[in-house]
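Here is a short report for a reader new to this structure. Look over the sequence and the model, then read on.

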Amino acid sequence: MGFEKFGEVSYITETKVADFVKHLEEGEIAATKCKACGKLFFPPRANCIDCLSNDVEWIPLSGRGKLITYTTAYFAPAGFEAPYTLALAELEEGVRVFTRLSKDVKEDEIELGMNMRLVPVRLAGERITYELRKA
Amino acid sequence: MNNRVAVVGVGQTAFTRSCGVSIRELCFEAFKEAMQDAGNLSAKDVDASIICSAPEYDKQRSPSGLIAEYLGLNPKPTFLAEAICASSSVGTRIGLSFIRSSLHQVVAVIGFQKMSELTSAESQERMLRGGDIMWESPFGAMMPAYYAMFARAHMNQHGTTEEQLAKVKVKSSKYSTMNPKAMYQKEITLEKALKSRVITSPLKLFDCCANADGASCMILAGEDVAKKITDTPVWITGLGLASASMSLTGRKTVSSLSCAVEAGRQAYEMADLKPDDIHVAEVHDCFTIAEIMAYEDLGFCKRGEGGKLIDDEETYIGGRIPVNVDGGLLSKGHPIGATGGSQIRTIVLQLRGDAGKTQVDGAETGLVHNIGGIGLYGSVIIFRR
């Protein structure tokens, strides 16, 4: 339990990386790092893809990154309210994040490659997420 | 040991918005056409059936059991093959391996989807769960949104334009009017495509394919049996299947589908052919950008020149490499589980010289590119007459 608070709508409640939400509530975007081989994972994983170790630790990320691509959805499935912008960014630690772009960034201001900042955002009903903002 | 495997019969229902029949009846129609096409085979001649569907769209649990029963295929083995939109290509791969291992001689691959069985909201909810439900669906990531992100990256990297995307729809709508089994029977002008409403930028309504109801069927046979069944077997000479990260965060590029590149590499190598040797192709144009990426991923043009290929009309009949001359997913419709089988049917008809108004003169080699979901599964199959 614990992961059901994550995102606009959640589909998963149980995961070994549910503590990600706790870190988010403390204002931190955390990745996991394999204690055996040192590989960094974001989105966080509980199990190392390379050495199959289960021993990972939480490592805070700077949140600094660059925009790779985006789309503004003018049509939303049930449970979501359009329009909203989805984006993919590469963080300076070399990992990527898929999330929403802040509504404060207007579509005509968006440029691929622009500097972004990934920040935790509290939503209604004790939900929590992260979003990309202009750096 | 059968070294060569042929398609000896193909069938397909019309692809429609709402078929008005049950899934068993839908599959029967495609099966009957394929069995008649294969020189009036009877159900007892079929050694195994592979049913291909994306089961989250089905009301019937384990539909393979029901369909095999209705088609008279009991007590022969039957089971479901699933790889979302690439399900019937995966079914073909399994059928081919059965025959090459001499486990079975004649295999029916039946793909279907009755997408009208769900309400629009139910269907959207399933499409929303086509991405990583832990890290991507929670933000409202729909199927078109992923392809829109690919399109944005492609436009930025290669200068591809919205007009070039729209031209893919213009081409597909032209050919779907020549395909009586296609869902859309009206040509769409460039102006109309460009003026359609934005669904998820930069993709507009006419950049997206539509859900459909439909079924497809092919009968596969080993060389000895194939030659007894038909004088016009179409041989499967190259087979490629690959996977890629479901999450976009795990992909090195978002302006190409790595699973398609890898599947193409495998298929060309097995068939001992190069992209220039292909005479006619079916590619997975679930969105207009998907066709442009497919041109490049399959080597029909250089990386970044997919937009130019459609500008130059090289993928029309008469061009260097005619693509989706049956209307493609964009205009023929996309009943998920049936799509791969429908693409294969088109290539089989082309290689036999039976494609009517859309016949590509002298086509001897054909290729089918079929993608599952947002580029998770990539299948490329090469055929020769």
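In chain A, 33% of the 135 residues are buried. The model is a predicted one. The secondary structure of chain A consists of 1 helix and 8 strands. Read from the N terminus, the order is α-β-β-β-β-β-β-β-β. The C-alpha atoms of chain A fit a box of roughly 45 × 30 × 25 Å along the principal axes. A compact globule of 135 residues would have a radius of gyration near 14 Å, so the 15 Å of chain A agrees. Of the contacts in chain A with a separation of 6 or more, 47% join residues 24 or more positions apart.

Next, the contact between the chains. Chain A brings 30 residues to it and chain B brings 29 residues. On the side of chain B that touches chain A, three elements each supply at least two residues:

| Element of chain B | Residues |
|---|---|
| α4 | 120-128 |
| α5 | 143-158 |
| β5 | 198-200 |

α5(B) gives the most to this side, with 6 residues. By type, this side of chain B holds 17 nonpolar, 8 polar and 4 charged residues.

Now a helix pair within chain B. Helix α1 (residues 23-37) packs on helix α2 (residues 63-70) at an angle of about 55°, and their axes are 9 Å apart. That angle makes α1(B) oblique to α2(B). The crossing of α1(B) past α2(B) is right-handed. From α1(B), the contact uses B:Ile23, B:Arg24, B:Cys27 and B:Phe28. From α2(B) come B:Pro63, B:Leu66, B:Ile67 and B:Tyr70. The residues of this contact are 7 nonpolar, no polar and 1 charged.

Technical notes. Residues numbered from 1 in each chain as written. Chains lettered and ligands numbered in written order. Predicted model: local features only at pLDDT ≥ 70, side-chain atom pairs only at ≥ 80, totals over all residues. Contact = placed C-beta atoms within 7 Å. Helix = DSSP H or I, 4+ residues; strand = E, 2+ residues; numbered from the N terminus. Nonpolar A, V, L, I, M, F, W, Y, C, P; charged D, E, K, R; others polar. Axes fitted to C-alpha atoms, helices over the stretch in contact; angles between N-to-C directions. Parallel < 35°, antiparallel > 145°, perpendicular 65-115°, else oblique. Left-handed = near helix turned anticlockwise from the far one by under 90°. Rg over C-alpha atoms; globule rule 2.2 N^0.38 Å. Buried ≥ 20, exposed ≤ 12 C-beta atoms within 10 Å, placed from the backbone.
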